[in-house]
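Visitor: Before we start, could you take me through the labels attached to this model and show how each one follows from its value?
Guide: Gladly; let us look at the model and then reason from value to label.

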Amino acid sequence: MYKQKFKKLENDLLSSLLYSMSLGSHELFHSNVWSWLLNYNKEFVKIFFPKVKKDAISKITREEGNRDITIWAEGKAYVIENKFKSIPEEEQLNKYQRTLGNKFAEGCVTGIIKPHWIETKSSWSFISYKDLSINTNLSFAYL
């Protein structure tokens with residue numbers, strides 16, 4: 001009986017947006033909320049990766065291999081690297097690609113300032129927080 005009650009409480013917590021929002025700093029806050037949104041409704045993947053179909057997504061992970069969010073679809077990894085307080089290091093993104101090898105499909109860096117070298121990374125795109133807030137507001141129609 002207690003085991004069932006605990007499992008229900010655990011499930012309630014894991015499905016709670018407020019719980020996800022409370023788990024960390026500003027950077028973690030955004031990553032946790034995006035992860036929650038992506039798990040809540042996989043249509044949100046289109047904000048970061050427009051070509052990925054929601055039905056192709058098999059799982060969404062947080063901090064797998066130190067990557068902020070990894071979306072697994074058809075055996076490929078789509079990586080979101082969230083930078084709220086810092087600018088991403090090019091080597092960090094290169095490491096993610098090397099580690100994933102041929103499983104790496106595409107990456108998306110988020111942040112306030114676009115890194116000057118992002119244009120040279122054909123496998124990576126950049127979305128500013130400003131654009132994310134606009135796209136996210138429009139995407140709430142998916143809910």
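**Labels and their reasons**

Guide: Arg98 is exposed, its relative accessible area being 55%, and the model in which this value was computed is a predicted one.

Visitor: What makes Arg98 count as exposed?
Guide: The label exposed asks for over 50%, and Arg98 has a relative accessible area of 55%, so Arg98 is exposed.

Visitor: Why is Glu91 called partly exposed?
Guide: Partly exposed covers the values between the buried limit of 20% and the exposed limit of 50%; Glu91 has 44% relative accessibility and therefore counts as partly exposed.

Visitor: How do you know that Glu91 and Arg98 meet in a salt bridge?
Guide: The rule requires a side-chain nitrogen of Lys or Arg within 4 Å of a carboxyl oxygen of Asp or Glu, and the N to O distance for the side chains of Glu91 and Arg98 is 2.6 Å, so the pair qualifies under that rule.

Visitor: What makes Lys114 and Glu119 a salt bridge?
Guide: The closest N and O atoms of Lys114 and Glu119 are 2.3 Å apart, and the limit is 4 Å, so the label applies. As for cover, Lys114 is partly exposed because its relative accessibility is 42%, while Glu119 is exposed because its relative accessible area is 60%.

Visitor: Why is the pair Glu63 and Arg62 called a salt bridge?
Guide: The closest N and O atoms of Glu63 and Arg62 are 3.6 Å apart, which is within 4 Å, so this pair also satisfies the rule. Glu63, with a relative accessible area of 36%, is therefore partly exposed, and Arg62, at 23% relative accessibility, likewise counts as partly exposed.

Visitor: How many salt bridges does the rule give?
Guide: The count comes to six, including the one between Glu63 and Arg62.

Visitor: Why does Asp68 have no salt bridge?
Guide: The nearest side chain of opposite charge, that of Arg62, is 4.6 Å away from Asp68, whereas a salt bridge must fall within 4 Å, so the label is withheld. Asp68, which lies in strand E2 (residues 67–73), is nevertheless buried, and its side chain reaches the backbone nitrogen of Asn82 at 2.6 Å.

Visitor: What makes Ile87 partly exposed, and where is Ile87 placed?
Guide: Ile87 has 45% relative accessibility and so counts as partly exposed; its place is in the loop between strand E3 (76–83) and helix H5 (90–100). Together with Ile112 and Ile113, Ile87 makes a nonpolar surface patch of about 310 Å².

Technical notes
Residues are numbered from 1 along each chain as its sequence is written. This is a predicted model: local features need pLDDT of at least 70, side-chain atom pairs count only at pLDDT 80 or more; totals for chains, interfaces and linings use all residues. Side-chain values use heavy atoms; hydrogens and water are left out. Helices (H or I, at least four residues) and strands (E, at least two) are DSSP runs, numbered from the N terminus. Buried means under 20% relative accessible area, exposed over 50%, partly exposed in between (1.4 Å probe, protein chains only). Lys and Arg count as positive and Asp and Glu as negative; His and the chain ends are not counted. A polar contact is a pair of N or O atoms within 3.5 Å; within protein, one must be able to donate a hydrogen and the other to accept it, and residues adjacent in sequence count only if both atoms are side-chain atoms. Patches are made of residues with over 30% relative accessible area and no salt bridge: like charges are joined within 9 Å, nonpolar side chains (Val, Leu, Ile, Met, Phe, Trp, Tyr) within 5 Å. Accessible areas come from the Shrake-Rupley method with a 1.4 Å probe; for residues, only the protein chains shown count as cover.
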